[in-house]
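Here are my notes for you, as someone meeting this structure for the first time. Keep the viewer open as you read.

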Amino acid sequence: MNFRTALLAVSILSFAFAGCTEDEAAAAPDSAAESSALTTMSAALQAELDALDMAVGSARQIVQDAGLDSADAVAALAPLLEAHASVLRACIVGPDGTLLGGTTKAGAGCPIGEPASAHPDKMESHRGVDHHLSEVHSEGEHPNVALLKQPIVSAGGNHLGSLSVLFDPYLLLEPVIRENTPGGDLHFVVGQTNGHLLHDPEPGKVHKNVKEHSDFADFAELQAVVVKVAAAQEGTTEFGYFDQQKQEQVLWRVYWNTIKLHGQQWRVVLQAR
């Protein structure tokens with residue numbers, strides 16, 4: 001899609017099917033099928049996100065039973081990284097936010113005694129007693145990760161610490177989207193409500209923020225779609241652009257809904273034409 005030549009298709013909405021022939025009417029888009037494709041995709045993505053959360057929960061229980069600073073607790077984290085390609089680091093964190101142990105995809109341990117995060121606001125997340133999924137951020141050598149944290153609480157209700165997992169949302173989403181995309185002119189995009197792209201058919205756009213990145217600064221029509229998508233958990237809209245290579249006007253239909261975990265919302269967007 002050549003967004004740099006994009007033109008908002010407000011006028012198209014008023015005459016797209018006006019005066020069309022019977023053959024043209026028969027070729028009208030199947031919005032029910034497109035909506036169904038979005039529903040199927042969102043269900044698959046939600047299941048994958050929930051599966052990761054459950055796997056972290058299982059590892060957290062082993063850590064709690066073994067004792068947070070034990071070798072058995074650290075050993076319980078390796079299967080989590082092996083089973084989930086998106087998980088890059090799993091660390092056991094004390095109640096004060098310092099690292100007690102853990103492991104990374106590269107096989108290195110988490111530096112014991114160091115703060116769990118270099119970001120003060122993320123430290124609050126590590127120290128908190130709630131389940132938490134953060135927005136995407138940079139953490140050490142990992143430029144685009146989300147923090148999935150589950151608290152560890154004693155039988156008496158005392159906060160003992162947490163199991164904090166860094167994962168790459170793109171690595172979580174991409175296999176599911178590839179498997180469930182029906183093909184044709186259907187394209188799936190996943191993003192945070194702040195405009196950060198977690199998945200896009202064009203890999204060069206992944207982890208860019210549509211609202212902030214200079215690549216999108218001049219695309220007023222795209223910005224308008226992003227605002228609509230961020231404002232509601234589900235909906236539909238349309239936008240168009242002029243394809244200079246084919247010398248024709250192109251209309252895209254946009255459908256979206258939401259997947260959720262621990263207060264975080266990701267918009268799943270289907271673009272169809």
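Is the disulfide of Cys91 and Cys110 left-handed or right-handed? Let's begin there, bearing in mind that this is a predicted model.

1. **The disulfide.** The torsion about the S-S bond of Cys91 and Cys110 comes out at about -75°, so the disulfide is left-handed. The two sulfur atoms sit 1.8 Å apart, and a search of the whole structure turns up one disulfide.

2. **Where its two ends sit.** This pair ties together distant parts of the chain, 19 residues apart. Cys91 belongs to strand E1 (residues 87–93), while Cys110 is in the loop between strand E2 (99–104) and helix H6 (120–127). Buried means under 20% relative accessible area. Cys91 therefore counts as buried, with 1% relative accessibility, and Cys110 counts as buried too, at 6%.

3. **Strand E7 and its partners.** Have a look at E7 (186–192) next. The strand is mostly covered, with six of its seven residues buried. E7 and E11 run antiparallel and are joined by seven bridges; in E11, Gln271 is the bridge partner of His187. E7 also pairs with strand E8 (residues 197–199), again in the antiparallel sense, over two bridges. In that pairing, Gly191 stands opposite Leu197 of E8.

4. **The E7–E8 hairpin.** Four residues lie between the strands of this hairpin, and Gly195 takes a positive phi near 100° there.

5. **The largest pocket.** This pocket holds about 500 Å³ of space. Thirty residues line the pocket, and the closest to its centre are Val189, Leu197, Asp200, Leu222 and Gln271. You have already met two of these: Leu197 faces Gly191 across the E7–E8 pairing, and Gln271 is bridged to His187. Among the elements that each supply at least two lining residues are E7, helix H8 (220–231) and strand E9 (235–243), along with strands E10 (248–261) and E11 (264–272). By type, the lining divides into 18 nonpolar, six polar and six charged residues.

6. **The nonpolar cores.** The largest nonpolar core has 41 residues. Those with the most contacts inside it are Leu45, Leu80, Phe167, Phe188, Val190, Trp266 and Val268. Helix H3 (residues 31–66) provides the largest share of this core, ten residues. Apart from it lies another core, of 16 residues, including Leu197, Val225, Phe239 and Tyr241. Leu197 is also one of the residues closest to the centre of the largest pocket, so please give Leu197 a second look in the viewer.

Terms used. Residues numbered from 1 in each chain as written. Predicted model: local features only at pLDDT ≥ 70, side-chain atom pairs only at ≥ 80, totals over all residues. Heavy atoms only, no water. 1 Å grid on protein atoms, 1.4 Å probe; cavity = no way out; pocket = protein on both sides within 12 Å on 5 of 7 lines; lining within 4 Å. Points joined across faces, edges and corners; volume = space filled by probe spheres on them. Nonpolar A, V, L, I, M, F, W, Y, C, P; charged D, E, K, R; others polar. Core = buried A, V, L, I, M, F, W, Y, C linked by side-chain atoms within 4.5 Å. Buried < 20%, exposed > 50% of the residue type's maximum accessible area, 1.4 Å probe, protein only. Disulfide = S-S within 2.5 Å. Pairing = 2+ DSSP bridges.
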